[in-house]
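Work through these exercises with the coordinates open. Each task is followed by a stepwise solution.

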Amino acid sequence: MAKPIRVTVWNEFWHENPERHADVKARLANYGFSGERLLNATEGVQSVYPDGMHKVIADHLRAQGFAVRTATLDEPEHGLTETVLDETDVLTWWGHAAHDQVSDEIVERVHERVNMGGMGLIALHSAHYSKIFKKLMGTSCMLKTREADEKERIWVIEQGHPIAAGLPEYFEIPQTEMYGEPFDVPAPDTLVFVSWFQGGEIFRSGCCYHRGRGKVFYFRPGHETLPIYYQPEALTVISNAVRWAAPSGGPELVFGDHPPLEKLD
Ligand code: ZN
């Protein structure tokens with residue numbers, strides 16, 4: 001039997017943990033949250049994800065037969081020690097309020113694992129603005145947002161892609177946060193999903209990239225106050241993406257001075 005793919009589910013885990021992170025509210029206020037919105041973005045999150053989003057995602061992946069561990073920002077080295085990364089084929093990443101608290105050293109470490117080591121990285125929702133995703137993309141990764149709990153319709157536009165396996169032609173998220181174009185990322189190698197929002201915007205919601213030996217997938221859905229990571233289609237995308245992003249076992253990257261393979265006259 002083939003060894004299971006080893007997944008580390010990483011979560012910032014501040015929204016779901018406001019007692020420990022009183023300053024998360026101040027941070028969110030800085031981002032323009034106010035009143036009930038602000039309360040919802042902390043206490044409200046606990047009612048949706050009492051043990052954190054990572055728990056829900058990890059439970060699903062375990063049920064799919066993956067070997068799963070979780071890691072969070074507050075752990076030493078953010079839970080992403082060399083040993084943990086040695087044992088990680090695919091890393092999923094969710095962050096929002098504390099991107100700036102992720103140490104550059106760990107970002108560099110994860111980047112090298114993807115680029116040189118072939119580890120897969122799946123950036124979820126607001127991880128579009130994480131240090132690691134921005135470093136992998138090399139662009140601002142900015143986009144439009146609106147919190148109006150409106151409907152999103154996600155269309156599969158690359159029907160043969162493994163990340164679309166088992167999905168219908170489109171699926172809907174009844175209440176979501178809007179992300180709108182322009183999404184300042186490089187053109188994806190493959191665009192698997194496009195979203196339409198009730199307010200009229202569209203968005204590239206499922207973007208595949210190759211970076212060195214590694215594969216990167218960006219998946220848009222997953223706002224902290226809404227139960228999107230309980231929705232079967234969203235979970236199917238995440239497990240499909242883990243399988244797709246797992247290391248392919250291609251050759252090492254070899255750089256620098258190189259002797260000729262044939263005799264040169
Ligand atoms: Zn969000």
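**Exercise 1: the helix 3 core**

Task: list the buried residues of helix 3 (residues 53–63) and find what they pack against.

Solution. Step 1: pick out the buried positions. In helix 3, these are Met53, His54, Val56, Ile57, Ala58, His60 and Leu61. Keep in mind that this is a predicted model.

Step 2: recall helix geometry. An α-helix has 3.6 residues a turn, so residues three or four places apart point the same way.

Step 3: find the partners. The buried residues of helix 3 pack against strand 1, strand 2 (67–72), strand 3 (90–94), strand 4 and helix 7.

Step 4: check the end of the helix. Just after helix 3, Gly65 has a positive phi of about 95 degrees.

**Exercise 2: the zinc site**

Task: identify the protein donors of the zinc ion and place its two histidines in the chain.

Solution. Step 1: name the donor atoms. The zinc ion is bound by His125 through NE2, Glu177 through OE and His223 through ND1. Their distances from the zinc ion run from 2.0 to 2.1 Å.

Step 2: write the spacing. Along the chain, the donors follow H-x51-E-x45-H.

Step 3: locate the histidine pair. His125 sits in the loop between strand 4 (120–124) and helix 6 (131–137). His223 sits in the loop between strand 9 (214–219) and helix 7 (232–245). The two are 98 residues apart, so the pair links distant parts of the chain.

Step 4: check burial. Both His125 and His223 are buried.

**Exercise 3: backbone outliers**

Task: compare burial for His125 and Asp149, two non-glycine residues with positive phi, then find the cis peptide bond.

Solution. Step 1: take His125. Its phi is near 50 degrees. His125 counts as buried because its relative accessible area is 1%, under the 20% cut-off.

Step 2: take Asp149. Its phi is about 50 degrees. Asp149 lies in strand 5. With a relative accessible area of 29%, Asp149 is partly exposed.

Step 3: scan omega. The bond from Glu181 to Pro182 is cis, with omega near 10 degrees. Pro182 belongs to the loop between strand 6 and strand 7 (190–197).

**Exercise 4: His15 and its neighbours**

Task: is His15 buried or exposed, and what does its side chain contact?

Solution. Step 1: place the residue. His15 is in the loop between strand 1 (6–11) and helix 1 (23–30).

Step 2: read the accessibility. The relative accessible area of His15 is 0%, so His15 is buried.

Step 3: find the polar partner. The side chains of His15 and His96 make a polar contact at 2.7 Å.

Step 4: collect other contacts. Leaving aside residues up to four places away in sequence, His15 touches residues including Val24, Leu28, Val45, Trp94 and Glu224.

**Exercise 5: the largest pocket**

Task: describe the volume and lining of the largest pocket.

Solution. Step 1: state the volume. The largest pocket has about 440 Å³.

Step 2: inspect the lining. It comprises 20 residues, with Tyr31, Phe33, His96, Thr145 and Glu177 nearest the centre. Glu177 is also a zinc donor, and His96 is the polar partner of His15.

Step 3: sort by class. The lining has 6 nonpolar, 9 polar and 5 charged residues.

Step 4: assign strands. Strand 5 (144–156) and strand 6 (170–180) each supply at least two lining residues. Strand 5 gives the most, with 3 residues.

Terms used
Residues numbered from 1 in each chain as written. Predicted model: local features only at pLDDT ≥ 70, side-chain atom pairs only at ≥ 80, totals over all residues. Heavy atoms only, no water. Helix = DSSP H or I, 4+ residues; strand = E, 2+ residues; numbered from the N terminus. Buried < 20%, exposed > 50% of the residue type's maximum accessible area, 1.4 Å probe, protein only. Polar contact = N/O pair within 3.5 Å; in protein donor to acceptor, adjacent residues only side chain to side chain. Contact = heavy atoms within 4.5 Å. Donors = N, O, S within 2.8 Å, 3.2 Å for Na, K, Ca; no water. 1 Å grid on protein atoms, 1.4 Å probe; cavity = no way out; pocket = protein on both sides within 12 Å on 5 of 7 lines; lining within 4 Å. Points joined across faces, edges and corners; volume = space filled by probe spheres on them. Nonpolar A, V, L, I, M, F, W, Y, C, P; charged D, E, K, R; others polar.
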